[in-house]
Amino acid sequence: MSATTIFENESITLVDYRCNAGPTDAPFVEVHGGYSISYVRKGSFGCHTRGEFFELVAGSILVGHPGDEFMCTHDHVCGDECLSIQLAPALIDAISKDQETSHRRIWRTGCVPPLPELMVLGELAQAAVDVEIDIGLDEIAMLLAARFVEIVSQRRSKPVKARLPDRRRAVEVALWMDTHSNQPIDLESAAKEAGLSAFHFLRLFASVLGVTPHQYLVRSRLRHAARLLADQTRSITDVAFDVGFGDLSNFVRTFHRAAGVSPRGFRQAARGDRKIFQDRLATPH
């Protein structure tokens, strides 16, 4: 079994687990160290936990509760891969409070079969691991955890009722993010600026502004990049790093997806080469 941590902050840790055990390997007892949702993305395994046995396949979820024992078996195939989202107790409390339900029973579910409402978010999380997409890993993890609790408890999340002070708080943080968008900003730091937990800040921000904090941050960086590409002669690499992108290829890919042309093509268009956008408009999509 290999375990690689691919993301970590105060609320969430994402770990990539890869197991090569097969039918001839003896199972052994393990203990969940905390609350977790492990999305099976490949392979299959069995799980004994809390007096029950589950068969997990791609799309299934292994649910972890602190201190609970479990034992995995591999009777049918060799190996499996999981994306495990490990959640801090404070986040669990925030989600449970939001949905007015107790987390003790929910997080002792053991396993959840492949459900479309959870599978699509699990694949979205994996996509965010594999390539940069327009939503943050921590945001997806919180959405998946909240959706899991909603489905298992059969209770809907309470709608966000943003009063004027709450709306002002969201707008003020958005302005702060835009001013500091060239600096490293994550969900936790933005939430601290708002004086809220990361989970409640994510819900408030998305409700008030219609985009997640990560989406707003990326689009703010793209807006600044477009201005620099149009007005100045600095290199495209310098523009990418000046506006806050830590990787040139990610900047080029993200800008192209947003503008329909590469940063170089955008600069040429800004210098009077109208054919670039004319060709773009003439091309069927």
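**Exercise 1. A surface patch**

Find which residues form a nonpolar patch on the surface of this predicted model.

*Solution.*
Step 1. Pick out the members: Val171, Leu175 and Leu209.
Step 2. Take their accessible area together, which is about 240 Å².
Step 3. Place one of them: Val171 sits in helix α5, residues 164-179.
Step 4. Classify Val171. Its relative accessibility is 37%. Buried means under 20%, and exposed means over 50%. Val171 therefore counts as partly exposed.

**Exercise 2. Strand β9 and its partners**

Decide whether strand β9 is largely enclosed or open, then state which way β2 and β4 run against β9.

*Solution.*
Step 1. Locate the strand: β9 covers residues 80-87.
Step 2. Count the buried residues. Seven of the eight are buried, so β9 is largely enclosed by the rest of the structure.
Step 3. Turn to β2, residues 12-19. Eight bridges pair β2 with β9, in the antiparallel sense. In this pairing, Ile12 faces Leu87 of β9.
Step 4. Turn to β4, residues 35-43. β4 and β9 also run antiparallel, joined by eight bridges. Here Ser38 stands opposite Ser84 of β9.

**Exercise 3. The largest pocket**

Give the volume of the largest pocket, and find which element gives the most to its lining.

*Solution.*
Step 1. Read the volume: about 630 Å³.
Step 2. Look at the lining. It has 29 residues, and the closest to the pocket centre are Met1, Tyr17, Glu30, Phe70 and Cys72.
Step 3. List the elements that give two or more residues: β2, β3 (29-31), β4, β8 (69-73) and β9.
Step 4. Name the top contributor. β9 gives the most, with five residues.

Definitions and conventions
Residues numbered from 1 in each chain as written. Predicted model: local features only at pLDDT ≥ 70, side-chain atom pairs only at ≥ 80, totals over all residues. Heavy atoms only, no water. Buried < 20%, exposed > 50% of the residue type's maximum accessible area, 1.4 Å probe, protein only. Helix = DSSP H or I, 4+ residues; strand = E, 2+ residues; numbered from the N terminus. Pairing = 2+ DSSP bridges. Patch = residues over 30% accessible without salt bridge, like charges linked within 9 Å, V, L, I, M, F, W, Y side chains within 5 Å. Areas by Shrake-Rupley, 256 points an atom, 1.4 Å probe, with all protein chains shown as cover. Salt bridge = Lys/Arg side-chain N within 4 Å of Asp/Glu carboxyl O. 1 Å grid on protein atoms, 1.4 Å probe; cavity = no way out; pocket = protein on both sides within 12 Å on 5 of 7 lines; lining within 4 Å. Points joined across faces, edges and corners; volume = space filled by probe spheres on them.
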